[in-house]
Amino acid sequence: MKQCASTNGITLGFVALGAALFVGSCGGGGIQNAINPAGPNAQSLSRLWWLMFWVCLGVYVLVMIAMAIAVRKGTRARDLNPVLEFARQTTKRKVTTVLSAVAVSAVILFVFLVYSYSTGRALTADLGQKNGLSIELTGHQWWWEARYNDVDASNMFTTANEIHIPVGVPVLFTLRSTDVIHSFWVPNLAGKKDLIPGKVATMWLQADKPGVYRGQCAEYCGLQHARMALWIVADPPEQFVAWRQNATQGSVPPSTDSQKRGQQVFLSSTCVMCHAIGGTTAGSNFGPNLTHVGSRNTIAAATISNTREHLASWVANSQTFKPGNRMPPNNLSDQDLQALVDYLQSLK
């Protein structure tokens, strides 16, 4: 009796755990949730996911019922004088049941095939006719470089790890990689697309409502793969125009003595070997562009918030946050470090 109660308790525990996981994963909220779509591409993928979920759930329930019936029949008292030969009618019924199950399975798989194919076609349809925003996105170990293209060269600019897009406008992404295979994935807006070195891939997405959506590299790319994230900020059209106009401008000139000293520290140190700041002599594109770094909400590819303390610690020794990244420690005096942070925070 005690053993039965213990078994029932364990069963109820697993049921409760499964229910908690189901509710937690299918809540529909969150800034990185494939079943909380905020754009047409994600909506198509979400419909496909829910179709597969409900069909597979139905199949699972039917299989469990059939298994329970079989177990129940198997535990009945056995006939002491069993018939050695199966009745013809019983055998025919079993064959019919198996064939029916196979036919239903084939129909389900065919429906999945057709629906998946049509969803894939919808995601790539009229790719060359998207007349919205064009962004060239390059994956590095372990950060994202975003170059906004335009027919007018003066309106082109580069940023990193925080991409602003206008609501309701299709955005065409040209995807590249400079080192290993990466994968661009913003679950709320679109499915993932691989970035393969030496090849150029394209995809488009669209945000139908304002918000901030988290993206992630979805292909293992080395030690800090888990910390290779980015933010997609969907702005109302007028707000995006204002942001883009500011982004095309050069850096803000230093206005205080501390900021001026910080600029001198930046331009006279190894920082200029990796980073660019528009309007200055720093023009390297090896690392993230810092022209407007002060306006970003996070640094280090969405690893840490962009606060004064985090920025100072990152500049001094970024390896404490992302071991293995390509930014070496900077041996600066405390005064130079604080001045440099003052200057970087003024770049908005």
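Which residues form one aromatic cluster? In this predicted model, the cluster is formed by Trp49, Trp50, Phe53 and Trp54. Aromatic pairing was examined across the structure, and the count comes to 13 aromatic pairs. Two members of the cluster illustrate the geometry: the ring centres of Phe53 and Trp54 lie 5.0 Å apart with their planes at 75°, and the pair is therefore edge-to-face, as the angle is over 60 degrees.

A tilted aromatic pair is formed by Tyr148 and Trp243, with 5.5 Å from centre to centre and 55° between the planes. This pair links distant parts of the chain, the two residues being 95 residues apart. Tyr148 belongs to strand E2 (residues 143–148), whereas Trp243 belongs to helix H4 (residues 237–247). Tyr148 has a relative accessibility of 0% and therefore counts as buried. Trp243, with a relative accessibility of 19%, also counts as buried, because the cut-off for this class is under 20%.

Trp54 also contributes to the surface. Together with Leu57, Tyr60, Val61, Leu62, Ile65 and Ile69, Trp54 makes a nonpolar surface patch of about 710 Å². Among the patch residues, Val61 is located in helix H2 (residues 40–74). The relative accessibility of Val61 is 39%, so this residue counts as partly exposed. Trp54 thus appears in three settings: the aromatic cluster, the edge-to-face pair with Phe53 and the nonpolar surface patch.

Methods:
Residues numbered from 1 in each chain as written. Predicted model: local features only at pLDDT ≥ 70, side-chain atom pairs only at ≥ 80, totals over all residues. Heavy atoms only, no water. Phe/Tyr/Trp six-rings, centres within 6.5 Å; stacked < 30°, edge-to-face > 60°. Helix = DSSP H or I, 4+ residues; strand = E, 2+ residues; numbered from the N terminus. Buried < 20%, exposed > 50% of the residue type's maximum accessible area, 1.4 Å probe, protein only. Patch = residues over 30% accessible without salt bridge, like charges linked within 9 Å, V, L, I, M, F, W, Y side chains within 5 Å. Areas by Shrake-Rupley, 256 points an atom, 1.4 Å probe, with all protein chains shown as cover. Salt bridge = Lys/Arg side-chain N within 4 Å of Asp/Glu carboxyl O.
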